[in-house]
Amino acid sequence: MSSAYGPQHAPAGDVGAALMLIDSRLRSIHAGNTETDAEKQAMMAQFTESLGPDGAEDLLDGVCTLIYMFMTWLRKAHEDHDKDVIEYVVPTLVASMRMMPKSIRPEAVPTMAGLVIAAGTGLSPSLWRKQYGDWTEAEMTPLEATAFLLAEHINRITDDADFATRVITDALSRAEDEL
């Protein structure tokens with residue numbers, strides 16, 4: 001049965017820019033840069049502002065597409081072992097977000113968990129979220145953190161620090177070849 005919130009009805013957004021954002025964060029953390037870098041934050045803010053309203057929305061949709069693609073990969077990997085992706089991924093994700101109270105306010109955790117559950121059940125995170133209204137400024141960091149944590153989870157279970165990024169770049173390359 002098709003849903004109005006299915007990914008076929010959602011804009012993909014700017015997946016390339018979203019992947020650049022998440023990959024940059026992954027590389028920074030793996031390099032040991034866990035402190036807030038004011039210069040890097042200013043550069044990211046300038047980049048986001050340069051996108052304009054449509055570009056910013058495309059970036060948001062791109063991050064949601066990444067979350068959908070990461071959860072699709074995780075769902076398939078878990079199904080190969082007769083495990084439920086929601087049961088094995090969401091509690092760990094929620095626990096990780098709760099350990100980040102400076103970046104992720106407690107009230108954002110249920111929204112991000114719902115977003116991941118939507119993606120894990122085959123729904124578009126973008127469309128699922130839109131039914132509750134526009135994105136808020138307070139949800140931007142939790143959204144980025146959600147995509148980051150999913151990518152890092154994939155990288156850990158594959159024991160490959162670049163696997164999640166490669167999954168997306170390979171999918172994007174295949175999509176371009178099909179055009």
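This report describes the helices, the nonpolar core, one pocket and a few loop residues of a predicted model.

Residues are numbered from 1 along each chain as its sequence is written, and side-chain values use heavy atoms, with hydrogens and water left out. Because the model is predicted, local features need pLDDT of at least 70 and side-chain atom pairs count only at pLDDT 80 or more, whereas totals for chains, interfaces and linings use all residues.

## The nonpolar core

The largest nonpolar core has 42 residues, and those with the most contacts inside it are Leu66, Ile67, Phe70, Met71, Leu143 and Leu150. Such a core is a set of buried Ala, Val, Leu, Ile, Met, Phe, Trp, Tyr and Cys residues joined through side-chain atoms within 4.5 Å. Here buried means under 20% relative accessible area, exposed means over 50%, and partly exposed lies in between, with a 1.4 Å probe and protein chains only. The elements that give two or more residues to this core are α1, α3, α4 (85-98), α5 (109-120), α7 (140-158) and α8, and the largest share, nine residues, comes from α3. Helices are DSSP runs (H or I, at least four residues), and strands are also DSSP runs (E, at least two), numbered from the N terminus. In soluble globular proteins, nonpolar side chains tend to be buried together.

## Helices α7 and α5

Helix α7 has 19 residues and reaches 28 Å from its first C-alpha to its last, close to the 27 Å expected at 1.5 Å a residue; the expected span is 1.5 Å times one less than the number of residues. Because 14 of the 19 residues of α7 are buried, this helix is largely enclosed by the rest of the structure.

Three residues show what surrounds α7, where contact means heavy atoms within 4.5 Å. Leaving aside neighbours within four places in sequence, Leu143 is in contact with Leu60, Val63, Cys64, Ile67, Met112, Leu115 and Trp135. Ile154, also found in helix α7, is buried with a relative accessible area of 1%, and, not counting residues up to four places away in sequence, Ile154 touches Phe70, Trp73, Leu74, Phe163 and Ala164. Although Ile154 and Met71 are 83 residues apart in sequence, their C-alpha atoms are 9.4 Å apart in space. His153 has its place in helix α7 as well; it is buried, with a relative accessible area of 11%, and apart from its neighbours within four places in sequence, His153 is in contact with Leu74 and Val89.

The twelve residues of α5 should span 16 Å at 1.5 Å a residue, and its end C-alpha atoms are 16 Å apart, which agrees. Helix α5 is mostly covered, with nine of its twelve residues buried, among them Val109, Met112, Leu115 and Val116. What covers the buried residues of α5 includes α3, α4, α6 and α7. Just after α5, Gly122 takes a positive phi of about 90 degrees.

## The second largest pocket

The second largest pocket has a volume of about 460 Å³, this being the space filled by probe spheres set on grid points that are joined across faces, edges and corners. On a 1 Å grid over the protein atoms alone, a pocket is an open set of points with protein on both sides within 12 Å along at least five of seven lines, in contrast to a cavity, where a 1.4 Å probe fits but cannot get out; lining residues have an atom within 4 Å of a point. This pocket is lined by 22 residues, of which Thr65, Tyr68, Met69, Thr72 and Ala171 lie nearest its centre. The elements that give two or more residues to the lining are α3 (52-79), α6 (125-130) and α8 (163-178), and the largest share, eight residues, comes from α3.

## Loop residues

The table places three loop residues and gives their relative accessible areas.

| Residue | Loop between | Relative accessible area |
|---|---|---|
| Asn33 | α1 (15-30) and α2 (38-50) | 46%, partly exposed |
| Asp82 | α3 and α4 | 77%, exposed |
| Asp159 | α7 and α8 | 72%, exposed |

Asp82 has a positive phi of about 55 degrees although it is not a glycine, and phi of Asp159 is near 55 degrees, a positive value in a residue other than glycine. The C-alpha atoms of Asn33 and Glu107, which are 74 residues apart along the chain, are separated by 27 Å.
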